[in-house]
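Please open the model in your viewer and keep the sequence panel beside it, since each stop on this tour begins with a selection.

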Amino acid sequence: MHPDHPDTQQPTETRPVRRTIDPASAERRIGRHRAPEPARRGPGRSTPARVAVATGVTCCLGLVGVVGVRETGQPHAPVREALADRAATEQRASRDFERAAPPVAVPVTPIPAATPSPTPTKKKTPKKPVRPKHPRPVAGLDQRQMDNAKAIVDAGQAMKMPRRALVVAVATAMQESNLYNLASDVLPESFDYPHQGSGSDHDSIGLFQQRPSSGWGTVAEIMRPAYAARAFFTALKEVPGWTELSLTSAAQAVQVSAFPDAYAQHEKRATTVVAALV
């Protein structure tokens, strides 16, 4: 009979397959109060089949591992970071759930420091030029003569006398005393007062050579230039129409001099002096 004939083939002895049990799995099962399961027989439990299945599973796991490594590379790092940030935010929000809301900051507009207003400057009213106490001499006069002429002009202006009267008075004093305040050798009392020389024409004293004996005033009064000038202007105002008279006629009407025509020679200089003082 042919060896391959079914009747000549001897049955193959089937040997029981021992399953290798993983100690860790056995421990886990025992820890869960499970007894090791007995080996099961059936199709697909033979060694070649197990090898084939193990090989396929290994290949699949390797392929999944490669794909997993590729998929878990650098491109997914931002996703993980975003998830981590979201988890941290949720955790922080859960912690702050019962906390009071922070106060709202109200913007404060700074108030600028007050700038001191400038002190208003007072406008100074322009003052009239003040003439010096001692005017500058003109028309050939010295300082003492110029000061005496000023005393005459000041007295006439205080009495509201016109300019013509000032010229008449200055010209008269030029003729009578050369514009010096003179004492008299005949009147020793006159030397007791400030003077700038002396004369000897009777008791005539001062700028206008007025006589105390004729009623012009006391010696002390006449020796003061301001008084002597006021006495002259008072007498001049009493002359009728004196403004229409010549300088010589007006002066002679007041002085009653022995040389009535002598006053005219001083008119020009007197006019210059008055112009410098007014």
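Bear in mind throughout that this is a predicted model. Begin by selecting helix α4 and colouring its buried residues, which are Gln145, Met146, Asn148, Ala149, Ile152, Val153, Ala155 and Gly156. If you then display what covers these buried residues of α4, you will find that the cover includes α5 (163–177), α7 (225–237) and α9 (267–277).

Stay with α4 and look at its ends. At the N-terminal end, Asp142 acts as the cap, with a side-chain oxygen 3.2 Å from the backbone nitrogen of Arg144, while just after the helix Lys160 takes a positive phi of about 60°. A distance drawn between the end C-alpha atoms of α4 (residues 143–158) comes to 22 Å, which agrees with the 22 Å that its 16 residues should span at 1.5 Å a residue.

Next, select Thr248, whose place is in helix α8 (residues 247–255). Is this residue, Thr248, buried or exposed? With a relative accessible area of 14%, Thr248 is buried, because that value falls under the 20% cut-off. Leaving aside residues up to four places away in sequence, Thr248 touches Pro260, Asp261, Tyr263 and Ala264, and in the case of Ala264 the side chain of Thr248 reaches the backbone nitrogen at 3.2 Å.

Finally, turn to the largest pocket, which has a volume of about 380 Å³. To centre the view there, select Glu176, Asp201, Ser204, Gln209 and Gln255, which of the 17 lining residues lie nearest the centre of the pocket. Colouring the lining by class will show 6 nonpolar, 8 polar and 3 charged residues.

Conventions
Residues are numbered from 1 along each chain as its sequence is written. This is a predicted model: local features need pLDDT of at least 70, side-chain atom pairs count only at pLDDT 80 or more; totals for chains, interfaces and linings use all residues. Side-chain values use heavy atoms; hydrogens and water are left out. On a 1 Å grid over the protein atoms alone, a cavity is a set of points where a 1.4 Å probe fits but cannot get out, and a pocket is an open set with protein on both sides within 12 Å along at least five of seven lines; lining residues have an atom within 4 Å of a point. Grid points are joined across faces, edges and corners, and a volume is the space filled by probe spheres set on the points. Ala, Val, Leu, Ile, Met, Phe, Trp, Tyr, Cys and Pro count as nonpolar, Asp, Glu, Lys and Arg as charged, and the others, Gly among them, as polar. Helices (H or I, at least four residues) and strands (E, at least two) are DSSP runs, numbered from the N terminus. Buried means under 20% relative accessible area, exposed over 50%, partly exposed in between (1.4 Å probe, protein chains only). A polar contact is a pair of N or O atoms within 3.5 Å; within protein, one must be able to donate a hydrogen and the other to accept it, and residues adjacent in sequence count only if both atoms are side-chain atoms. Contact means heavy atoms within 4.5 Å. The expected span of a helix is 1.5 Å times one less than its number of residues.
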